Amino acid sequence: MWPAAYPQGYAVVDVETTGLARDDRIISAAVYRLDARGEVEDHWYTTVNPERDPGPVWIHGLTSDVLEGAPLFKDVAAEFAARLEGRVLVAHNAVFDWQMIAREYARARGEAPVRQRLCTIALSKELKLPLPNHKLESLAAHFGVVQRRAHHALDDARVLAEAFRPSLRAAAAGGVRLPLHECRPLTEWTERPRIGQQAGPGGYRPASWRPSRKRPACPYPNPGRYEPGGRLKQGMRVAFSGDTSTERDLLEDRAAEAGLHVATSLSRLTSLLVTNDPESGTSKVVKARQYGTPVVDEAAFGQLLGDVEAAREN
């Protein structure tokens, strides 16, 4: 039987961008709409004028000349939204695609109608697929899907849709819980340049996303590293890496309220790293491995937060 808790529809998405930073822009987007069992209903593709340099043309092949006559994101936002409405957004490394989309909607003073996303990398791990790595081409090869134009949004979305269908069916047959994550729109967008920043090509000035909220300094001294199997202690330095099912700001707030020091980077003084993907290869994960910093996933961290040892009084 098909699991009753599974979503009723999916929007398989791929976006090509000017780069990987928060200030980068979408230059093309594709959506394959799938029904509850992964069958294709229709697809849609558009190029987007990023109003700036297109970035790594040698990867995506979209030059300034090609994009000059393309619509602005605000001009395709309504149609894009109609393709996403009421569906789970599916992407390969979904947190990246979602964040790029959310930022574009914030720039356009709107919100994408997406409440949940599903990452096909996370799903392949849940299914324990024997893949050599987490690249889209490896997932496609596993299911015999032929990739025609890598890094072209429409073809990447097609490939992902064709690989997602058998993944979804395997999950349903095995009673696997889908790795769904909540999507929250970005609302804190400002066009003001940072102090001392110079305008880029064509007058482009990077803007800032979600200015980091200044938390009061942790009042407790760092008691050292977390001992696996033990309790967290007030004052411990905790860093986070990668996607979390709970909104990151909320998770960090809970840690700070428990008396932990929320660190934005990882050093030899870090007591614990929280990540759901310890093999991701991010700088924090690599450093944690080098320093021998203990690592736990989000679920384990949530349990540890329920029993934090009070700091000793001097």
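Glycine 259 touches Cys218, Tyr220, Gln234 and Gly235, leaving aside residues up to four places away in sequence. In this predicted model, glycine 259 sits in the loop between α8 (248–257) and β10 (261–263), and with a relative accessible area of 5% this glycine is buried. The C-alpha atom of glycine 259 is separated by 8.1 Å from that of methionine 236, a residue 23 places apart from the glycine along the chain. Among the residues that glycine 259 touches is Cys218, and cysteine 218 is partly exposed, with a relative accessible area of 24%.

**The chain as a whole**

The protein chain has 314 residues, of which 47% count as buried, and its secondary structure comes to ten helices and twelve strands. Of the contacts between residues at least 6 apart in sequence, 64% join residues at least 24 apart. The chain exposes about 16,400 Å², and carbon and sulfur atoms supply 49% of that area. The count of disulfides comes to zero; as for cysteine 119, this residue counts as buried at 14% relative accessibility.

**An open parallel sheet**

Strand β10, which borders the loop of glycine 259, belongs to an open sheet of four strands in the order β10-β9-β11-β12, with parallel pairing. Because β10 and β12 (295–296) stand at the edges with a single partner strand each, one side of each is left without a neighbour in the sheet. Strand β9 (residues 237–241) is joined to β10 by three bridges, and the two strands run parallel. Within this pairing, arginine 237 has histidine 261 in β10 as its bridge partner.

**Strand β1 and its partners**

What share of strand β1 is buried? Nine of the nine residues in this strand, which spans residues 9–17, are buried. In a regular strand, side chains alternate between the two faces of the sheet. In β1, Gly9, Ala11, Val13, Val15 and Thr17 point one way, while Tyr10, Val12, Asp14 and Glu16 point the other way, and all of them are buried.

Strands of a sheet pair through backbone hydrogen bonds, in either a parallel or an antiparallel sense. With β2, strand β1 pairs in the antiparallel sense over nine bridges, and valine 12 stands opposite tyrosine 32 in β2. With strand β4 (residues 88–91), by contrast, β1 runs parallel and is joined by three bridges; here the bridge partner of tyrosine 10 is valine 88 in β4.

**Charged side chains**

Aspartate 97 lies in helix α4 (residues 94–107). Leaving aside residues up to four places away in sequence, this aspartate touches Val13, Asp14, Val15, Ala91 and His92; Val13, Asp14 and Val15 are among the buried residues of β1. Which side chain of opposite charge is nearest to aspartate 97, and how far away is it? That side chain is arginine 117, 9.2 Å away, and aspartate 97 is buried yet has no salt bridge.

Elsewhere in the model, the count of salt bridges comes to 14, and three of these pairs are set out below with the separation of their N and O atoms.

| Salt bridge | N to O |
|---|---|
| Arginine 165 and glutamate 39 | 3.9 Å |
| Aspartate 42 and arginine 83 | 3.4 Å |
| Arginine 107 and glutamate 104 | 3.5 Å |

The salt bridge between arginine 165 and glutamate 39 links distant parts of the chain, 126 residues apart: arginine 165 is in helix α7 (residues 153–174), whereas glutamate 39 is in the loop between β2 (26–35) and β3 (40–47). Glutamate 39 is partly exposed, with a relative accessible area of 34%.

The salt bridge between aspartate 42 and arginine 83 also links distant parts of the chain, with aspartate 42 in strand β3 and arginine 83 in helix α3 (residues 73–84), 41 residues apart. Aspartate 42 is partly exposed at a relative accessible area of 25%, while arginine 83 is buried at 15%.

Arginine 107 and glutamate 104, in contrast, both lie in helix α4, three residues apart, which is about one turn of the helix. Arginine 107 counts as buried at 14% relative accessibility, and glutamate 104 counts as buried at 1%. Both residues belong to a network of salt bridges that links Arg25, Glu51, Glu104 and Arg107.

How values were computed:
Residues are numbered from 1 along each chain as its sequence is written. This is a predicted model: local features need pLDDT of at least 70, side-chain atom pairs count only at pLDDT 80 or more; totals for chains, interfaces and linings use all residues. Side-chain values use heavy atoms; hydrogens and water are left out. Buried means under 20% relative accessible area, exposed over 50%, partly exposed in between (1.4 Å probe, protein chains only). Lys and Arg count as positive and Asp and Glu as negative; His and the chain ends are not counted. A salt bridge is a side-chain nitrogen of Lys or Arg within 4 Å of a carboxyl oxygen of Asp or Glu. Contact means heavy atoms within 4.5 Å. Accessible areas come from the Shrake-Rupley method with a 1.4 Å probe; for residues, only the protein chains shown count as cover. A disulfide is a pair of cysteine sulfur atoms within 2.5 Å. Two strands pair if DSSP finds at least two bridges between them.
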